[in-house]
Amino acid sequence: MNKTLDNAAIFVTTYVVFMLPTYILPYLRTSPASLYSVDDAVANVFSFTFFIHLASMILLCWVCLVRGAMVGKNWLFLLPVVAFAFEFISKLSVIPFIPTMYHILAIIVGATSANISVSDKLSSYSND
């Protein structure tokens, strides 16, 4: 696993850096098809800013997957996955603030969780 994300401050910084494009890029028309006509939506999918938006959301999922494995909360990656769904599925994207709440929840849970070392995992298995 990537030991860089072992530090909570680095996790929060990395998450915020990859989260910022998800708030800036919608102003450059990278939002889903429901907000535009069909012709604009088709052209939008092939735009460079759309792929940056998509890549930043995938990286947020990966960051939470790695951090969740380190802190023993393997479900942590599901929080940005829900935010991902609410940003890119056309009917869900019209509901405001849901992605923001899930991003904040992912930051709080990921930053406040204590790291689990390999020796802690082994000792918990030996106690059973």
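Helices here are DSSP runs of H or I with at least four residues, numbered from the N terminus. Read that way, the elements of the protein run α-α-α-α-α-α from the N terminus on. Keep in mind as you look around that this is a predicted model.

Let's begin with the whole chain. The secondary structure comes to 6 helices and 0 strands. Of the 128 residues, 33% count as buried. The protein exposes about 7,600 Å², and carbon and sulfur atoms supply 72% of that area. What share of the contacts between residues at least 6 apart in sequence joins residues at least 24 apart? That share is 69%.

Now zoom in on the aromatic side chains. A pair of aromatic rings is described by the distance of the centres and the angle of the planes. Rings pair if their centres lie within 6.5 Å, and planes that are neither under 30 degrees apart nor over 60 count as tilted. By this rule there are 2 aromatic pairs. In one of them, the rings of Phe-11 and Tyr-15 have centres 6.0 Å apart and planes at 50°, so this pair is tilted. Both residues belong to helix H1, which covers residues 8-24, and they are 4 residues apart, about one turn of the helix. Are these two residues buried or exposed? Phe-11 and Tyr-15 are both buried. Another pair is formed by Phe-84 and Phe-88, again tilted, with 5.0 Å from centre to centre and 45° between the planes. Phe-84 and Phe-88 lie in helix H4 (residues 78-88), 4 residues apart, or about one turn of the helix.

The burial of the H4 pair deserves a closer look. Buried means under 20% relative accessible area, and partly exposed means between that and 50%. Phe-88 has 18% relative accessibility, so Phe-88 counts as buried. Phe-84 has a relative accessible area of 25%, and therefore Phe-84 is partly exposed.

Back at Phe-11, there is a charged partner to find. Which residue has its charged end over the ring of Phe-11? It is Arg-67, and the distance from the ring centre is 5.6 Å.

Helix H3 is a good next stop. H3 has 24 residues and reaches 35 Å from its first C-alpha to its last, close to the 34 Å expected at 1.5 Å a residue. After H3 comes Gly-72, whose phi is positive, near 80°. Cys-61 lies in H3, which spans residues 48-71. With a relative accessible area of 16%, Cys-61 is buried. Leaving out residues up to four places away in sequence, Cys-61 touches Phe-77, Pro-80 and Val-81. You can also relate Cys-61 to the aromatic pair in H1: the C-alpha atoms of Cys-61 and Tyr-15 are separated by 9.5 Å, with their positions 46 residues apart along the chain.

Finally, return to helix H1 for Thr-22. At 3% relative accessibility, Thr-22 counts as buried. Where does the side chain of Thr-22 find a polar partner? A polar atom of that side chain lies 2.5 Å from the backbone oxygen of Met-19. Not counting its neighbours within four places in sequence, Thr-22 is in contact with His-53, Ser-56, Met-57, Glu-87 and His-103.

Technical notes. Residues are numbered from 1 along each chain as its sequence is written. This is a predicted model: local features need pLDDT of at least 70, side-chain atom pairs count only at pLDDT 80 or more; totals for chains, interfaces and linings use all residues. Side-chain values use heavy atoms; hydrogens and water are left out. Helices (H or I, at least four residues) and strands (E, at least two) are DSSP runs, numbered from the N terminus. Buried means under 20% relative accessible area, exposed over 50%, partly exposed in between (1.4 Å probe, protein chains only). A charge sits over a ring if NZ of Lys or CZ of Arg is within 6 Å of the ring centre and within 35 degrees of the ring normal. Contact means heavy atoms within 4.5 Å. Accessible areas come from the Shrake-Rupley method with a 1.4 Å probe; for residues, only the protein chains shown count as cover. The expected span of a helix is 1.5 Å times one less than its number of residues. A polar contact is a pair of N or O atoms within 3.5 Å; within protein, one must be able to donate a hydrogen and the other to accept it, and residues adjacent in sequence count only if both atoms are side-chain atoms.
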